[in-house]
Amino acid sequence: SNLIKELNKKGNTNIIVVDDLTNGYKFKNLAECDIEDYFDYTELFDDSIRRVVWEQVSQIYHEGAISSTTEWDGKLIMKNNYTFSTNLLNHAIHYNIPFSYASSASVYGKGVEPNTPFKETDKLNPLNVYAYSKLLFDKRVESVLTSNNYKTTIIGNRYFNVYGTGEEHKGDQASPIHKFYKQATEKGYIEIFKGSENFVRDFICVDDVVKLKVKMLTENISGIFNLGTGETTSFKKVADIVSEKTGCDIEEIPFPNNLREHYQDYTCADLTKLKEKLPHSVPKHFKTVFKYFNPYPVE
């Protein structure tokens with residue numbers, strides 16, 4: 001929905017949304033968007049739609065996935081995150097449609113060296129089946145890019161920790177900024193895992209993400225790129241900021257045993273590749289973009 005709003009700002013309203021509204025409450029994010037049509041994601045490859053739609057499409061932004069890092073139904077994950085994405089990529093190539101899709105920093109796992117920014121060329125080590133699904137599709141895209149068997153623009157963005165408006169439906173997968181503020185306003189206190197001062201993330205505002213995505217697709221830049229800020233903030237620091245602005249206490253809870261082997265202690269984007277292609281478009285760090293997160297408190 002944030003991406004659609006960014007496109008709307010640029011005068012684009014002839015947008016077809018493809019989504020899964022099984023959770024009907026998600027309509028709220030789309031209600032403020034100016035779109036032309038809507039399809040359920042299970043209908044997208046039907047013959048009746050193919051004849052009407054594909055030859056008229058000028059760009060594809062593929063954001064959809066089961067994004068839960070704690071979902072272990074591998075068959076479900078692979079069907080939605082890999083098979084669907086592959087079908088969409090094949091259609092983009094066949095109809096010569098510029099294609100931008102969301103990958104994830106989760107593909108890096110623990111990283112090559114402790115506390116070292118992740119490079120796109122690093123060895124990848126996914127810690128859960130969600131991350132594996134993203135890794136496998138990245139490899140599929142890389143095989144297309146190296147084969148030169150395509151004529152259109154293909155861009156993958158490895159998202160680091162995105163936060164911003166429209167997270168209400170994401171539940172436990174929402175950003176810590178959203179979750180901490182929600183806890184502060186609903187419970188009167190904030191819960192963090194014990195040791196959260198050692199859990200650090202590269203936080204990027206969704207406003208910056210969508211601006212970069214639109215710009216990259218218009219620049220005809222193909223490849224897979226990190227999308228972060230190149231700086232880190234600990235979960236404890238995020239909680240401290242929300243605590244200061246809301247006056248709520250912070251309570252530590254034990255770290256869940258079932259997450260220990262599947263949890264990234266550190267993420268940070270190496271932005272060398274992004275800077276080479278878009279030298280003046282590197283996003284601002286979390287602490288300076290906090291003000292964009294309306295209606296959350298301003299640092």
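**Exercise 1. Helix H1 and what surrounds it**

Task: Determine which residue just after H1 takes a positive phi, and which residues of H1 are buried.

Solution. Step one is the backbone: just after H1, Gly11 has a positive phi of about 90 degrees, in a model that is predicted. Step two is the burial of the helix, where the buried residues are Asn2, Leu3, Ile4, Glu6, Leu7 and Asn8. Step three draws the conclusion: 6 of the 8 residues of H1 are buried, so the helix is largely enclosed by the rest of the structure. Step four asks what does the covering, and the elements over the buried residues of H1 include strand E1 (16-19), helix H2 (27-31), E3 and H7.

A residue of H2 can be added to this picture, since Ala31 lies in that helix. Ala31 has 54% relative accessibility and therefore counts as exposed, the cut-off being over 50%. Its C-alpha atom is separated by 9.0 Å from that of Ser1, although Ala31 and Ser1 are 30 residues apart along the chain.

**Exercise 2. Positive phi outside glycine**

Task: Locate Asn96 and Asn115 in the chain, and decide for each whether the residue is exposed or partly exposed.

Solution. Begin with Asn96, which is found in the loop between helix H4 (74-94) and E4, and whose phi is near 60 degrees, a positive value in a residue other than glycine. Its relative accessibility is 44%, so Asn96 counts as partly exposed. Turn next to Asn115, in the loop between E4 and helix H5 (129-147); here phi is near 55 degrees, again positive in a residue that is not glycine. At 61% relative accessibility, Asn115 counts as exposed.

**Exercise 3. The open sheet**

Task: Work out the order of the strands in the 4-stranded open sheet, which strands lie at its edges, and which helix packs on it.

Solution. The order is E3-E4-E5-E10, and the pairing is parallel. The edges are strand E3 (60-62) and strand E10 (223-227), each of which pairs on one side only. From one strand to the next, the twist averages 20 degrees.

The pairings can then be taken one at a time. Strand E4 (residues 99-104) and strand E5 (residues 154-159) pair in the parallel sense over 6 bridges, with Ile154 in E5 as the bridge partner of Phe99. Helix H7 (residues 206-218) packs on the sheet and touches E3, E4, E5 and E10, its direction making about 160 degrees with that of E5. On the other pairing of this set, E5 and E10 are parallel over 5 bridges, and Gly156 stands opposite Ile224 in E10.

The last step concerns the burial of E10. Gly223, Phe225 and Leu227 on one side and Ile224 and Asn226 on the other are all buried, which leaves both faces covered. With 5 of its 5 residues buried, E10 is therefore largely enclosed by the rest of the structure.

**Exercise 4. Nonpolar cores**

Task: Find which residues touch the most other members of the largest nonpolar core, and which element gives the most to this core.

Solution. Among the 35 residues of the largest nonpolar core, Leu227 and Leu274 touch the most other members. Helix H1 (2-9), E5, H7 and E10 each supply at least two residues of this core, and H7 gives the most, with 7 residues. Leaving out residues up to four places away in sequence, Leu274 touches Leu212, Met216, Phe225, Asn226, Leu227, Pro279 and Pro283. Another core, of 19 residues, lies apart from the largest one and has Leu44, Ile60, Tyr101 and Val141 among its members.

**Exercise 5. Aromatic rings**

Task: Classify the pair Phe45 and Trp54 as stacked or edge-to-face, and state which elements the pair Phe203 and Phe235 ties together.

Solution. With centres 6.3 Å apart and planes at 5 degrees, Phe45 and Trp54 are stacked, because planes under 30 degrees apart count as such. Both of these residues, Phe45 and Trp54, are buried. Phe203 and Phe235 form a tilted pair, with 6.2 Å centre to centre and 50 degrees between the planes. Phe203 lies in strand E9 (residues 203-205) and Phe235 in helix H8 (residues 235-246), so this pair ties together parts that are 32 residues apart in sequence.

Ring pairs also link Tyr41, Phe45, Trp54, Phe84 and Tyr95 into a cluster. Finally, two charged side chains lie over ring faces: Arg201 over Tyr263, at 5.2 Å from the ring centre, and Lys273 over Phe225, at 4.9 Å.

Technical notes. Residues are numbered from 1 along each chain as its sequence is written. This is a predicted model: local features need pLDDT of at least 70, side-chain atom pairs count only at pLDDT 80 or more; totals for chains, interfaces and linings use all residues. Side-chain values use heavy atoms; hydrogens and water are left out. Rings of Phe, Tyr and Trp (its six-membered ring) pair if their centres lie within 6.5 Å; planes under 30 degrees apart count as stacked, over 60 as edge-to-face and the rest as tilted. Buried means under 20% relative accessible area, exposed over 50%, partly exposed in between (1.4 Å probe, protein chains only). A charge sits over a ring if NZ of Lys or CZ of Arg is within 6 Å of the ring centre and within 35 degrees of the ring normal. Two strands pair if DSSP finds at least two bridges between them. Axes are lines fitted to C-alpha atoms, for helices over the stretch in contact, and angles run from 0 to 180 degrees between N-to-C directions. Contact means heavy atoms within 4.5 Å. A nonpolar core is a set of buried Ala, Val, Leu, Ile, Met, Phe, Trp, Tyr and Cys residues joined through side-chain atoms within 4.5 Å.
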